[in-house]
Amino acid sequence: MAFDLDQTNLFNQIQVGNMTLNHRIAFAPTTRLRATDDHTPSDLMLQHYSDRAQTPGTLLISEATLVSLRAGLYPNIPGIWNDRQVQAWKKITDAVHAKGSYMACQLWFAGRVGSPELLKKHGLDLVSPSALYESEDSKKAAEAAGNPIRALTEEEIQSIIYDDYKNAAINAMNAGFDCVELHSAHGYLLDQFLQPAANQRTDNYGGSIENRARLLLEIVDLLSDTIGAEKVAIRLSPWAKFQGMKAEKDTVHPITTFSYVVNELQKRANKGKQLAYLSVVEPRLWKGNVLQGGNYTYDKPEFKSLKADVDGDNRTMVAFSRYFTSNPDLVKRLKEGLELSPYVRSLFYAPYNYGYNTFPNFGDELQFDHETEKERRPAPLI
């Protein structure tokens, strides 16, 4: 099976911040719910990321990682707000670096789509830019948990910026990550502030495009000064209709909103504060590196859309998620035209090791007992 991808820009080096990547394939953020119950990275995660770092010069982006306890909470999602989590992540980044690869930490604050029940157990509120639920089901869940949604105060917003995000970025550096990626997509908190569907504030963080973008840009500026702009990246999703986002059906068109955001980021880049990359953006206003996601495997083995994107300029990278779950050696398979193992959607969020670390490299055969691996749960690294 010949993909002919080795003759494309996909396998040329690219400089991304301080990282020299040997190809343009990245492991996209892929939530798998395999952290421990206290949101600490686990032994299963260590093996998973290490296996996918096997081709030197690969960029791996962590699954969405909570910046603080109040950031939303879901079961078995990793965090990076305390020393125990930092030490566990350090074992993972050390393993990735030992393979000659790189790792970014995706910093995440769920906001109104967090778990009202889990937040309630910790004495925390379900918060949002405005007291607007993303759906009728989310309203019912919050009311059933006795944790109705409320709008953040400006004082709390400042604390999220200067306490939660700054602490998480510093922790990410201490944990050995090469950069951080701000999750400002798919209806989570930073995206909620950007879009009128979730943000109907009338203060400094709502109303005009400038105000709605203020939170994201203040975080960008703070982290650029704290860890260096070259170690900061952003994920955006202008067209995603997910978790209450309306995209082109919103009161302000996404091209208007996100063109402003990208233009502001480019202004900073022009003044010497170039970010590592932007993930999934309308790139016309952005001159830096772009990480494109999406379904690049629908037309395999021709990969016409992938070839068109990576050969269209010299700054585009492509991110894979689902096929990386079932092909730890995905980079090699794409380069050599080897058959891809199908992913198993039903096992994406299973609580055990089976379907997580039980996919072999091409031509290998793993020996394991299915039932034993279905009993194997995440164990602490620290």
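Two strands are taken as paired here if DSSP finds at least two bridges between them, and that criterion underlies the first part of this tour, which moves through a predicted model.

**First stop: strand β6**

Begin by selecting residues 102–108, which form strand β6; seven of its seven residues are buried, so the strand is largely enclosed by the rest of the structure. In a regular strand the side chains alternate between the two faces of the sheet. With the side chains of β6 displayed, look along one side for Y102, A104, Q106 and W108 and along the other for M103, C105 and L107, all of them buried, so that both faces of the strand are covered.

**Second stop: the partners of β6**

Keep β6 on screen and add residues 59–61, strand β4, which pairs with β6 in the parallel sense over three bridges. Within this pairing, I61 has A104 of β6 as its bridge partner. Next add residues 65–66, strand β5, whose pairing with β6 is also parallel and runs over two bridges; here L66 is matched with W108 of β6. Finally bring in residues 179–184, strand β9, which pairs with β6 in the parallel sense over four bridges. A104 is worth centring in the view at this point, since besides being the bridge partner of I61 this residue has C179 as its bridge partner in β9.

**Third stop: helices α5 and α8**

Now select residues 154–174 (helix α5) together with residues 214–227 (helix α8), which pack at an angle of about 40° with their axes 10 Å apart. That angle makes α5 oblique to α8, and the crossing is right-handed. To display the contact, show I157, Q158, I161, Y162, Y165, K166, A169, I170 and M173 on α5, and L215, E218, I219, L222, L223, T226 and I227 on α8. Coloured by class, the residues of this contact divide into 12 nonpolar, two polar and two charged.

**Last stop: from α8 to helix α9**

Leave α8 selected and add residues 254–270, helix α9; the axes of the two helices come within 11 Å and cross at roughly 20°. Angles under 35 degrees count as roughly parallel, and α8 and α9 are therefore described as roughly parallel to each other, with a right-handed crossing. Which residues meet here? On the α8 side they are L216, L217, V220 and D221, and on the α9 side Y260, V261, E264, L265 and R268. By class, this contact of α8 with α9 holds six nonpolar residues, no polar ones and three charged ones.

How values were computed: Residues are numbered from 1 along each chain as its sequence is written. This is a predicted model: local features need pLDDT of at least 70, side-chain atom pairs count only at pLDDT 80 or more; totals for chains, interfaces and linings use all residues. Side-chain values use heavy atoms; hydrogens and water are left out. Axes are lines fitted to C-alpha atoms, for helices over the stretch in contact, and angles run from 0 to 180 degrees between N-to-C directions. Angles under 35 degrees count as roughly parallel, over 145 as roughly antiparallel, 65 to 115 as roughly perpendicular and the rest as oblique. A crossing is left-handed if the near helix is turned anticlockwise from the far one by less than a right angle, and right-handed if clockwise. Contact means heavy atoms within 4.5 Å. Ala, Val, Leu, Ile, Met, Phe, Trp, Tyr, Cys and Pro count as nonpolar, Asp, Glu, Lys and Arg as charged, and the others, Gly among them, as polar. Buried means under 20% relative accessible area, exposed over 50%, partly exposed in between (1.4 Å probe, protein chains only).
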